[in-house]
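This briefing concerns the fold of a single protein chain. Please consult the sequence and the structure shown below alongside the notes that follow.

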Amino acid sequence: MTFNKHSNLSGQHAFLGASKYAWLNYDEEKVADTYTNFLAAKKGTILHDFAARCITLGQKLPRSRKTLNMYVNDAIGFRMMPEQVLYFSENYFGTADAISFRDNCLRIHDLKTGVTPAHMEQLEIYAALFCLEYAVKPSEIEMELRIYQLDDILIFQPTVEDIAPIIDKIRTFDKILKRIKAEENES
């Protein structure tokens, strides 16, 4: 048998492909909802890329109470770096949407384009990763974390009591994971 060639699809996965077999249990409403969420996530990726380009170019958006406009304009105003990877180890890293560290103040902003309520813990982890990567003590700096979502801004100013336990957990868990990986490589 000669199989059909689909070279344009090599390495890709269909939305309802065999490796995501859970769709077999979906009804029509569930498949429609799942696809709508998939499209929203795709749009979110495009909006993040657009925002990062605006920030990099210093291109402000029209002043308004719209999430994207507030996020971009604030990031430019605070002279922030978009899409910055923060790295502690292969087990612990992430990409902050926008970040700056200036005048002893760490500022991290996160753009949320969906409707699922955001959690500040994600930004606290970024703050902990920043402190670990750049050997900065959270007790010696000010921090402001912001989530931009649903035309609103959530602002949190964490203290050392918020960030230090996350740093400790990252260090402890990283040692455990490295030990397990080393044992796995030995066997």
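A hairpin of two residues connects strand β1 to strand β2. The model is a predicted one. The strands of this hairpin, β1 (residues 81–89) and β2 (residues 92–102), are antiparallel and are joined by seven bridges.

**Strand pairing**

- Within the antiparallel pair, Gln84 lies opposite Ala96 of β2.
- In a regular strand, side chains point alternately to the two faces of the sheet.
- A parallel pairing is found between β3 and β4, again with seven bridges.
- In this parallel pair, Ile108 is the residue opposite Leu145 of β4.
- Strand β4 is mostly covered, with seven of its eight residues buried.

**Helix α2 and its surroundings**

- Helix α2 spans residues 67–77 and is mostly covered, since nine of its eleven residues fall under 20% relative accessible area and count as buried.
- The buried positions start with Thr67, Leu68, Asn69, Met70, Tyr71, Val72 and Asn73, and they also include Ala75 and Ile76.
- Among the elements that cover these buried residues are helix α1 (28–57) and the strands β2, β3 (105–111), β4 (142–149) and β5 (152–156).
- Strand β4 thus appears twice in this account: it contributes to the cover of α2, and it is itself mostly covered.
- After α2 comes Arg79, which has a positive phi near 50 degrees.

**Overall architecture**

- The protein chain contains four helices and five strands.
- Read from the N terminus, the order of these elements is α-α-β-β-β-α-β-β-α.
- The chain is more spread out than a compact globule, because its radius of gyration is 21 Å, well over the 16 Å that the globule rule gives for 187 residues.
- Along the principal axes, the C-alpha atoms occupy a box of roughly 70 × 55 × 30 Å.

**Burial, contacts and surface**

- In the chain of 187 residues, 33% are classed as buried.
- Of the contacts between residues at least 6 apart in sequence, 54% link residues at least 24 apart.
- The exposed area of the chain is about 12800 Å², of which 55% comes from carbon and sulfur atoms.
- The chain carries 22 positive and 26 negative charges, and the mean positions of these two sets are 6 Å apart.

Methods: Residues numbered from 1 in each chain as written. Predicted model: local features only at pLDDT ≥ 70, side-chain atom pairs only at ≥ 80, totals over all residues. Heavy atoms only, no water. Rg over C-alpha atoms; globule rule 2.2 N^0.38 Å. Buried < 20%, exposed > 50% of the residue type's maximum accessible area, 1.4 Å probe, protein only. Contact = heavy atoms within 4.5 Å. Areas by Shrake-Rupley, 256 points an atom, 1.4 Å probe, with all protein chains shown as cover. Lys, Arg positive; Asp, Glu negative; His and termini not counted. Charge placed at Lys NZ, Arg CZ, Asp CG, Glu CD. Pairing = 2+ DSSP bridges.
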